[in-house]
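Visitor: I'm new to this one. Could you walk me through it?

Guide: Sure, have a look here and then ask away.

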Amino acid sequence: MASSSSQFLSLSVLVIAATLCGVSAECVTSIPSLVSQCSQYVKITGPEVPPSKDCCDVVKILDVPCICNFVTPEVEKLISMEKVVFVGTSCGLTVKPGMKCGSYVVPPLA
C-alpha cells in the first residue's frame, strides 16, 4: 500500500504534467479535491463503501474525460478502478460500458 507521501508525490507530478500539457485549469484544480475527499473510497484494499456527500459533491463537477487522462499505470496501482466506477455511479454519474479511463475499460452491465 502506498504511503501518503508517495500519493502526494504522484498527485504533484500529475498536476505539473497537466499544467505543462495545457490541460484545463479546472481539471487540474479538481484533482486535489478529488484525492482529499474520495481517496478512501477507491483504495484497492477493503470493501466498496458508499461515498460521502463531500466526495459526491466533487465527483459531480468533474470533467471525467480530462480526469481519465491522468489515470496512468502508476495511478492504477494505487486505486481500484472498479471502486472508481462504483463511486461515480453512487454519486449519480452515468458511467457507460466501454468507456475507457486510463487502461481500464468499463465492463458491460451484468
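Visitor: Let's start with C101. Is C101 buried or exposed?

Guide: Keep in mind that this is a predicted model. A residue counts as buried when its relative accessible area is under 20%. C101 comes in at 7% relative accessibility, so C101 is buried.

Visitor: Which residue does a disulfide join to C101?

Guide: The S to S distance in this disulfide is 2.1 Å. The pair links distant parts of the chain, with C101 in strand β1 and its partner in helix α4 (residues 64-68), 33 residues apart. That partner is buried too, with a relative accessible area of 9%. The residue joined to C101 is C68.

Visitor: And is the disulfide of C68 and C101 left-handed or right-handed?

Guide: Look at the torsion about the S-S bond, which is about -100°. Because of that torsion, the disulfide of C68 and C101 is left-handed.

Visitor: How many disulfides does a search of the whole structure find?

Guide: You've met C68 and C101 already. C56 and C91 form a disulfide as well, their sulfur atoms 2.1 Å apart, and C38 and C55 form another with sulfur atoms 2.0 Å apart. Searching the whole structure gives a count of three.

Visitor: Where do C38 and C55 lie?

Guide: The disulfide of C38 and C55 is right-handed, with 120° about the S-S bond. The pair ties together parts that are 17 residues apart in sequence, so let's place each end: C38 is in helix α2 (residues 25-38), and C55 is in helix α3 (residues 53-59).

Visitor: What is the relative accessibility of C55?

Guide: C38 has a relative accessible area of 5%, which means it is buried. C55 counts as buried as well, and its relative accessibility is 0%.

Visitor: How many residues make up the largest nonpolar core?

Guide: C68 and C101 both belong to this core, along with V71, V75, M81, V85, V95, Y104 and V106. Leaving aside residues up to four places away in sequence, V71 touches E76, M81, C101 and G102. Counting the members of the largest nonpolar core gives nine.

Visitor: What about P108, is P108 buried or exposed?

Guide: P108 sits in the segment after β2 (104-105). Its C-alpha atom is 4.8 Å from that of P97, eleven residues apart along the chain. The cut-off for exposed is over 50% relative accessible area. At 68% relative accessibility, P108 is therefore exposed.

Key
Residues numbered from 1 in each chain as written. Predicted model: local features only at pLDDT ≥ 70, side-chain atom pairs only at ≥ 80, totals over all residues. Heavy atoms only, no water. Core = buried A, V, L, I, M, F, W, Y, C linked by side-chain atoms within 4.5 Å. Buried < 20%, exposed > 50% of the residue type's maximum accessible area, 1.4 Å probe, protein only. Contact = heavy atoms within 4.5 Å. Helix = DSSP H or I, 4+ residues; strand = E, 2+ residues; numbered from the N terminus. Disulfide = S-S within 2.5 Å.
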